[in-house]
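Visitor: I have the sequence and the model open, and I would love some help reading them. Could we go through them one question at a time?

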Amino acid sequence: MSLQKITVFLLLTPLLFAVLVQNGYSEITKDSQCKEGYVLVLRINVSRYACVFDDTASEWETLGIAEATEEMEEAPVVEVPEVVETPDEETEEPSDITITNFDECVAAGNPVMESYPRQCIDSDGQTFVEEVMMQDELGVFPETMNYTAQAPTIDQEKGYFVDEIADGIYWLIGGGYQTMFVTTGEGVIAVDAPQPIGENYLAAIAEVTSEPVTHMIYSHSHLDHTGAAGQIFSNVTFISHIETADVLLAENDTNRPVPSVTFDDYMYPVSVGNQTLELYHIGNFHSDGDIMIYAPIQKVAMLVDLLRPGESPYKAFGVTPDIDLYLQTHDTLLDNFDFDVLISGHTNLLATKDDVMLNKQFTVDVMENARQALEAGEANPEVMCASLSIEQWNQTLANLDAFMIDHCLAMVQYLSSVDSTNATDAMEPEDPFSVKVPLDEELTDISSVSVPVPDDEIREQVKGQLDLLTFKIEQMVELAENNDIISVVIDSNKRFAAMDDANAYIAEKDEEWLKTPRNSNSPFMSAIIESSVSDLLREKLVIPTQEFGDVSFPEIIVTNSFGANVGQSQRTEDYNQGDEGWWIRAKTVSIHITEVAWDSSAEIFSADIIIKMVDEDGNFIGVLKAVTPIRDV
Ligand SMILES: [Zn+2]
């Protein structure tokens, strides 16, 4: 029995439920009936029907981005008369020539006003505005596309980065999270309120506009993306999908106010001032009430926790409850929405349709590898699946090791459940004995899953593993509180703080580190590896115990508050840890355990115990990381 197997149980429960939940959504077609006050329109740039407010419909028609499906008279659409059934033949536009745009108006010899944009008035007195300017305004700013390839530098002092990426749409990143807000002329619409960005959200808004925040949209209910809302937004209209509101109501958390505006439809438009955002419920691929936030004119989309541009998705495909729907969501995005960039919730890059395609291909490949491993009759198919997938994808996606085993376990489980869909009645009744394993705060993503444990033997083994893990954490907490280590770390922080540009120094040393051949260390590297802190860390690499035998840590390192190594039991891959996800999280989370992953230097499956180091007053001073092997008992 190994921790990996325990993870199987962890993943089993949500996946079993996933089989039972069907996540369909209703399509709006040309025959759909909209609710009162809404008009059915054909969205020209996405060739899709939508029910929108009648005001929005006329506005969109003026902008040339949609047309009402009913015959338009001169007057704007207000009340829709009875739809006349036209059984077989499609009614097309009448055969006599009607002027519908600027070009046709000019071609018919009507006068042109030399304004900008130019306007043409036809014989009926109707005015047609040249669409040149409109076209220029569509989409994101050209420079925005740079952010799809190169992450912007985050000012460490400020702790965030903000930039206008399209008309009135601001992209905000910080602490490994990203979101957006929109200025409307009548107040700011904020989307999400990620915990790691926190108060900086308000600072970023104040940096670019004096408009107050009047609305906040929840992309979904999860605490990490929305948990700052209660602290930073007041007198704000909160908006979400009805299912998200249900979750928030049940969780009763003052950090996440329950929305007063909810919607149950496929699409809901939010119009404030001169901006319209469309909210789409395209399926619960990640959690109950996931929505896409879409700015059709600016061609910006936001969909959280589906993918991470440039990186592997978060564990078990963004902890999706339904791999089928997860895959399908990629197609929904690619086929139905026209966007230049997608805000994905994580990393410091903007995503494009290419990233969506890549993530889909990755998922398909992992599925294929899991299938191969199952067919080969592997005892641990996830291991074979992981090594095949890493080999295929490590040139393409970063951070692959971190979640590969999780992805493969989820996929193996998915394929097995698909195979046995006819045998679902064979589900075991739930064992009253269950262990809660709140290892990682990010487990909020799947709440703390109850793990049914099948028999006494396994129960004992699980308990043994958890006792061992607890012991290891205690040992590392003790090490992180060692006064000798703390004083060296504080000294290091002072030296770095006194530098003109500590980040440039770290980047330079990191480069030196990476360039130095594996079998030799530069004097700078040796100084750290041979330091007194490193000696103290090495003393803890193996701890003899009565209960567990020799407890070992293949590697222990300590960084200062800038992310630079201060001590390390042996040579590490690089000098700068400040750009690593585990390091960034340690700034806010006291203790966390990373996911089980393949450690390429130690050639073992391991998880890392990460401890936030603090001074006497509880201020963040550095991070301790201990690699711990995951092996069969
Ligand atoms: Zn989430």
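**Crossing helices**

Visitor: Which kind of crossing, left-handed or right-handed, does H11 make as it passes H12?

Guide: First, this is a predicted model: local features need pLDDT of at least 70, side-chain atom pairs count only at pLDDT 80 or more, and totals for chains, interfaces and linings use all residues. Residues are numbered from 1 along each chain as its sequence is written. A crossing is left-handed if the near helix is turned anticlockwise from the far one by less than a right angle, and right-handed if clockwise. By that rule, the crossing of H11 past H12 is right-handed.

Visitor: Are H11 and H12 parallel, antiparallel, perpendicular or oblique to each other?

Guide: Helices (H or I, at least four residues) and strands (E, at least two) are DSSP runs, numbered from the N terminus. H11 (residues 353-375) packs against H12 (residues 381-393) with the axes 8 Å apart and an angle of about 140°, where axes are lines fitted to C-alpha atoms, for helices over the stretch in contact, and angles run from 0 to 180 degrees between N-to-C directions. Angles under 35 degrees count as roughly parallel, over 145 as roughly antiparallel, 65 to 115 as roughly perpendicular and the rest as oblique. That is why H11, set against H12, counts as oblique.

Visitor: How many residues in the contact of H11 with H12 are nonpolar?

Guide: Two residues are in contact if their C-beta atoms, placed from the backbone, lie within 7 Å. The contact includes Phe362 and Val366 of H11, and Met384 and Leu388 of H12. Ala, Val, Leu, Ile, Met, Phe, Trp, Tyr, Cys and Pro count as nonpolar, Asp, Glu, Lys and Arg as charged, and the others, Gly among them, as polar. Besides four polar residues and one charged residue, the number of nonpolar ones is 10.

Visitor: And how many nonpolar residues are in the contact of H12 with H13?

Guide: H12 and H13 (residues 400-419) have axes that come within 8 Å and cross at roughly 130°. Among the residues that make the contact are Ile390 and Trp393 of H12, together with Met404 and Ile405 of H13. One residue of the contact is polar and two are charged, while the nonpolar ones number 12.

**An open sheet**

Visitor: Which strands stand at the edges of the sheet that holds S14 and S18?

Guide: Two strands pair if DSSP finds at least two bridges between them. This open sheet has five strands with mixed pairing, in the order S14-S15-S16-S17-S18. Each edge strand has a single partner strand, so one side of it is left without a neighbour in the sheet, and these edge strands are S14 (267-272) and S18 (341-343).

Visitor: Which residue of S15 stands opposite Pro269?

Guide: S14 and S15 run antiparallel, joined by six bridges. Their hairpin has two residues between the strands, and Gly273 takes a positive phi near 55° there. Opposite Pro269, in S15, stands Glu278.

Visitor: How many residues of S15 are buried?

Guide: A residue is buried if 20 or more other C-beta atoms lie within 10 Å of its own, exposed if 12 or fewer, and partly exposed in between, with C-beta atoms placed from the backbone. Gln275, Leu277 and Leu279 point one way from S15 (residues 275-280), and Thr276, Glu278 and Tyr280 point the other way. Of the six residues of this strand, the number buried is six.

Visitor: Which residue of S16 does Glu278 stand opposite?

Guide: S15 also pairs with S16, in the antiparallel sense over three bridges. S16 (residues 292-295) in turn pairs antiparallel with S17 (residues 300-302), again over three bridges. In S16, the residue opposite Glu278 is Tyr294.

**Around Ile189**

Visitor: Which residue of S11 is the bridge partner of Ile189?

Guide: Ile189 sits in strand S10. S10 runs antiparallel to S9 (residues 177-183), with three bridges, and parallel to S11 (residues 213-217), with four bridges. On the S9 side, Ile189 is the bridge partner of Val182. On the S11 side, its bridge partner is His215.

Visitor: Is Ile189 buried or exposed?

Guide: Leaving aside neighbours within four places in sequence, the contacts of Ile189 include Phe181, Ile217 and Val270. Because 29 other C-beta atoms lie within 10 Å, Ile189 is buried.

Visitor: What percentage of the residues in the protein chain is buried?

Guide: The chain's secondary structure comes to 19 helices and 28 strands. Out of its 633 residues, the buried share is 40%.
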